[in-house]
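Colleague: Please walk me through this model. I will ask, and you give your reasoning before each result.

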Amino acid sequence: MSAASQAERAVLEEEFKWLLKEEVHAVLKQLKDIMKEASRRFSMPAGGLESQLKQENFILGSSTMDQVKGVLTLQGEALTQADINLKMAKSNQVMHFAFRDDKQWKMQQIQDARNHVNQALQLLNSRDESYHFKTGAEVNKLMDAVMMQLTRARNRLTTPATMTLPELASSGLMKMFTPPMPGDLMVNFYINLSKLCLTVYQLHVLQPSTTKNFKPAGSSVLHNPGSMFEVNNTKFEVSHVHKVECVVPWLNDTLVFFTISLQLCQQLKDKISVFSSYWNYGPF
């Protein structure tokens with residue numbers, strides 16, 4: 001090896017040591033600060049009451065001729081009240097439903113996303129400023145683990161769970177309302193990106209003479225009119241679908257935090273890979 005290449009190698013090794021000792025911890029601190037902000041968004045306290053989460057009311061807007069109107073109350077991951085007015089398609093009769101006082105509906109997507117954020121924070125806190133990273137591979141392993149939790153958190157908010165119509169019909173959500181939801185109506189709540197969504201399905205019973213072409217619908221986030229299903233030996237068809245939604249600003253904040261954090265993780269991995277490419281005898 002020439003003196004020049006030895007000198008270049010020595011400089012690179014010093015730069016790499018600095019990266020492991022200083023820059024990695026600077027990035028980890030940035031990530032911790034962002035994750036703390038994300039975690040705080042999931043559990044905003046009520047004014048002056050640390051133990052009580054803030055309640056937020058959201059007005060449901062509709063683009064389908066105001067068939068559905070309502071107000072949803074979100075407290076952290078729990079939907080504590082849903083006040084819904086539905087104008088029936090055929091009769092124009094307005095029906096009103098609200099959660100029973102003793103009921104609230106847990107938004108599993110929000111709970112899961114929050115848990116993944118907290119797991120990412122635990123991973124980051126497991127390496128404090130005094131910890132000495134010995135190899136680039138060790139940093140990459142930590143970044144991969146953090147990125148996996150962040151990706152899962154983001155996916156929970158961006159990818160609502162699919163359900164079959166019989167699953168929806170037997171859901172505990174149907175038992176939440178007063179007056180009780182009639183048999184020809186079903187509702188579903190879910191998160192899509194930064195939006196809290198409500199879908200209302202109006203149904204009609206298929207007569208035995210019309211069921212020869214019966215084909216049950218599969219699993220989906222949103223079922224279309226004409227979708228068929230069977231519950232307790234009765235066949236139904238979806239006649240009308242109403243979807244309304246409202247923006248939850250703090251969910252949008254968390255999605256931005258996830259994007260920034262994932263970029264920081266990837267940038268650190270890219271820097272390590274630049275150094276690793278200079279040495280061909282093993283990972284750093």
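Colleague: In which loop is N232 found?
Modeller: This is a predicted model. Strand β11 covers 228-231 and strand β12 covers 234-247. N232 is found in the loop between β11 and β12.

Colleague: Is N232 buried or exposed?
Modeller: The cut-off for exposed is over 50% relative accessible area. N232 has 72% relative accessibility, so N232 counts as exposed.

Colleague: What is the phi of N232?
Modeller: N232 is a residue other than glycine. Its phi is nevertheless positive. The value is near 50°.

Colleague: And N233, what is its phi?
Modeller: N233 also has its place in the loop between β11 and β12. At 72% relative accessibility, N233 counts as exposed. N233 is a residue other than glycine, with a positive phi. That phi is near 65°.

Colleague: Which peptide bond is cis?
Modeller: Look at P179, in the loop between β8 (177-178) and β9. The omega of the bond leading into P179 is near -10°. The cis bond runs from T178 to P179.

Colleague: Now to strand β9. Is I191 buried or exposed?
Modeller: I191 is found in β9, residues 185-192. Buried means under 20% relative accessible area. I191 has 0%, so I191 is buried.

Colleague: Which residues does I191 touch, leaving out those up to four places away in sequence?
Modeller: One of them is L157, 34 residues apart from I191 in sequence. The C-alpha atoms of I191 and L157 are 6.0 Å apart. The full set touched by I191 is M107, Q109, I110, L157, P160, L196 and L251.

Colleague: On to the helices. How do α2 and α3 run, roughly parallel or roughly antiparallel?
Modeller: Helix α2 spans residues 108-125. The axes of α2 and α3 come within 8 Å and cross at roughly 165°. Angles over 145 degrees count as roughly antiparallel. Therefore α2 and α3 are roughly antiparallel.

Colleague: Which residues of α3 meet α2?
Modeller: The crossing of the two helices, α2 and α3, is left-handed. From α2, the contact includes Q109, I110, H116 and L124. By class, the α2 and α3 contact has twelve nonpolar, five polar and three charged residues. On the α3 side are L142, A145, V146, Q149, L150, R152, A153, R156 and L157.

Colleague: How does α3 run relative to α5, roughly parallel or roughly antiparallel?
Modeller: Helix α3 covers residues 136-158, and helix α5 covers residues 249-276. They pack at an angle of about 155°, with axes 9 Å apart. That angle makes α3 and α5 roughly antiparallel.

Colleague: How many nonpolar, polar and charged residues are in the contact of α3 with α5?
Modeller: The crossing of α3 past α5 is left-handed. The residues of this contact of α3 with α5 divide by class into 14 nonpolar, eight polar and three charged.

Colleague: Now the whole protein. What share of the contacts with a separation of 6 or more joins residues 24 or more positions apart?
Modeller: The protein has five helices and twelve strands. Residues 24 or more positions apart account for a share of 65%.

Colleague: What percentage of the residues is buried?
Modeller: The protein has 284 residues. It exposes about 15200 Å², with 52% of that supplied by carbon and sulfur atoms. The buried residues make up 42%.

Methods: Residues are numbered from 1 along each chain as its sequence is written. This is a predicted model: local features need pLDDT of at least 70, side-chain atom pairs count only at pLDDT 80 or more; totals for chains, interfaces and linings use all residues. Side-chain values use heavy atoms; hydrogens and water are left out. Helices (H or I, at least four residues) and strands (E, at least two) are DSSP runs, numbered from the N terminus. Buried means under 20% relative accessible area, exposed over 50%, partly exposed in between (1.4 Å probe, protein chains only). Contact means heavy atoms within 4.5 Å. Accessible areas come from the Shrake-Rupley method with a 1.4 Å probe; for residues, only the protein chains shown count as cover. Axes are lines fitted to C-alpha atoms, for helices over the stretch in contact, and angles run from 0 to 180 degrees between N-to-C directions. Angles under 35 degrees count as roughly parallel, over 145 as roughly antiparallel, 65 to 115 as roughly perpendicular and the rest as oblique. A crossing is left-handed if the near helix is turned anticlockwise from the far one by less than a right angle, and right-handed if clockwise. Ala, Val, Leu, Ile, Met, Phe, Trp, Tyr, Cys and Pro count as nonpolar, Asp, Glu, Lys and Arg as charged, and the others, Gly among them, as polar.
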